[in-house]
Amino acid sequence: KELGINNNILFAGKCQRTAILEILSITDIFVLSSLWEGFGRVMGEAMAMGKPVVATKTDGTKLLVDHNKTGLIVPKRDPHLLAEGVLNLINNPRRMREMGKVGQRKVTALYSPQPFIRGHETFYRRILQQK
């Protein structure tokens, strides 16, 4: 409130599953400042909705975010670089939209049901062939 940004930013905290997609639909940029992240499903959900990601460098982040292509990865525990990444995208709306589109294509190609099922089928076929 002191900064005058309370109408432009949402600190959602822990949300019910049903609220996540609604919140993502009104965002321009998805920011994740985790110290640890396994797979980062919520990042994938944001990317599937065409949102660029600004996130801290974790194992899960590196799986999904291609730095400077689908979003920006910054070091953990550095709020200044995290803010700089967000401001970079805000000040470059064209870049922000392009990163969102590239991320959406990536997540759709990798994690839509059909490619996901094909990947599992291939994995199990390889295992069965080794017997």
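**Reading a predicted chain**

Modeller: In this chain, S1, H2 and S2 together form a right-handed β-α-β unit. The model is predicted, and I will set the values computed from it against the cut-offs behind each word.

Colleague: What makes you say that S1 and S2 pair, and in which sense do they run?

Modeller: Two strands are said to pair if at least two bridges are found between them, and S1 and S2 share three bridges in the parallel sense, so the pairing of S1 and S2 meets the definition. One place to look is Phe-30, which stands opposite Val-53 in S2.

Colleague: How do you know that S2 also pairs with S3?

Modeller: The same reasoning applies: strand S2, residues 53-56, and S3 are joined in the parallel sense over four bridges, and because at least two are needed, S2 and S3 count as paired. Two of the partnerships can be named, for Val-54 has Leu-72 as its bridge partner in S3, and Ala-55 has Ile-73.

Colleague: What do S2, helix H3 and S3 make?

Modeller: S2, helix H3 (residues 59-64) and S3 make a right-handed β-α-β unit. The word right-handed means that, with the strands pointing away from the viewer, the path from the first strand over the helix to the second runs clockwise.

Colleague: Where do these pieces sit in the order of elements along the chain?

Modeller: Starting from the N terminus, the elements run α-β-α-β-α-β-α-α-α, and the secondary structure comes to six helices and three strands.

Colleague: Which way do the residues of S2 point, and are they buried or exposed?

Modeller: Val-53 and Ala-55 point one way from S2, while Val-54 and Thr-56 point the other way, and all are buried. Strand S3, residues 71-74, can be described in a similar manner, with Gly-71 and Ile-73 pointing one way, Leu-72 and Val-74 the other way, and all of them buried.

Colleague: Why is Glu-45 called buried?

Modeller: The relative accessible area of Glu-45 is 15%, and buried means under 20%, so Glu-45 falls within that class. Glu-45 is in helix H2, and, residues up to four places away in sequence not being counted, Glu-45 touches Arg-17, Ile-20 and Leu-24.

Colleague: Which other residues of helix H2 are buried, and what covers them?

Modeller: In helix H2, which takes in residues 41-48, Met-43, Gly-44, Ala-46 and Met-47 are buried, as is Glu-45. The cover over the buried residues of H2 includes helix H1 (17-25), strand S1 (30-32), S2, H3 and helix H5 (93-111). After H2 comes Gly-50, with a positive phi near 80°.

Colleague: What makes Asp-66 partly exposed?

Modeller: Asp-66 has a relative accessible area of 30%, and because partly exposed covers the range between the buried limit of 20% and the exposed limit of 50%, Asp-66 belongs in that class. Asp-66 is found in the loop between H3 and S3, and, its neighbours within four places in sequence left aside, Asp-66 is in contact with Gly-71 and Lys-106. From C-alpha to C-alpha, Asp-66 and Val-102 are 9.5 Å apart in space, although 36 residues apart in sequence.

Colleague: Why does Asn-68 count as partly exposed, and not as exposed?

Modeller: Asn-68 has a relative accessibility of 42%, and since exposed means over 50% and buried means under 20%, Asn-68 counts as partly exposed. Asn-68 lies in the loop between H3 and S3.

Colleague: What is the phi of Asn-68?

Modeller: The phi of Asn-68 is near 70°, a positive value in a residue other than glycine. As a general point, most residues other than glycine have a negative phi.

Colleague: Why is Arg-77 called exposed?

Modeller: Arg-77 has a relative accessible area of 70%, and exposed means over 50%, so Arg-77 passes that limit. Arg-77 is placed in the loop between S3 and helix H4 (79-90), and Arg-77 has a positive phi of about 60° although Arg-77 is not a glycine.

Colleague: What share of the residues in the chain is buried?

Modeller: Buried residues make up 30% of the 131 residues in the chain. The chain exposes about 9,400 Å², of which carbon and sulfur atoms supply 56%.

Note on methods. Residues numbered from 1 in each chain as written. Predicted model: local features only at pLDDT ≥ 70, side-chain atom pairs only at ≥ 80, totals over all residues. Heavy atoms only, no water. Buried < 20%, exposed > 50% of the residue type's maximum accessible area, 1.4 Å probe, protein only. Areas by Shrake-Rupley, 256 points an atom, 1.4 Å probe, with all protein chains shown as cover. Contact = heavy atoms within 4.5 Å.
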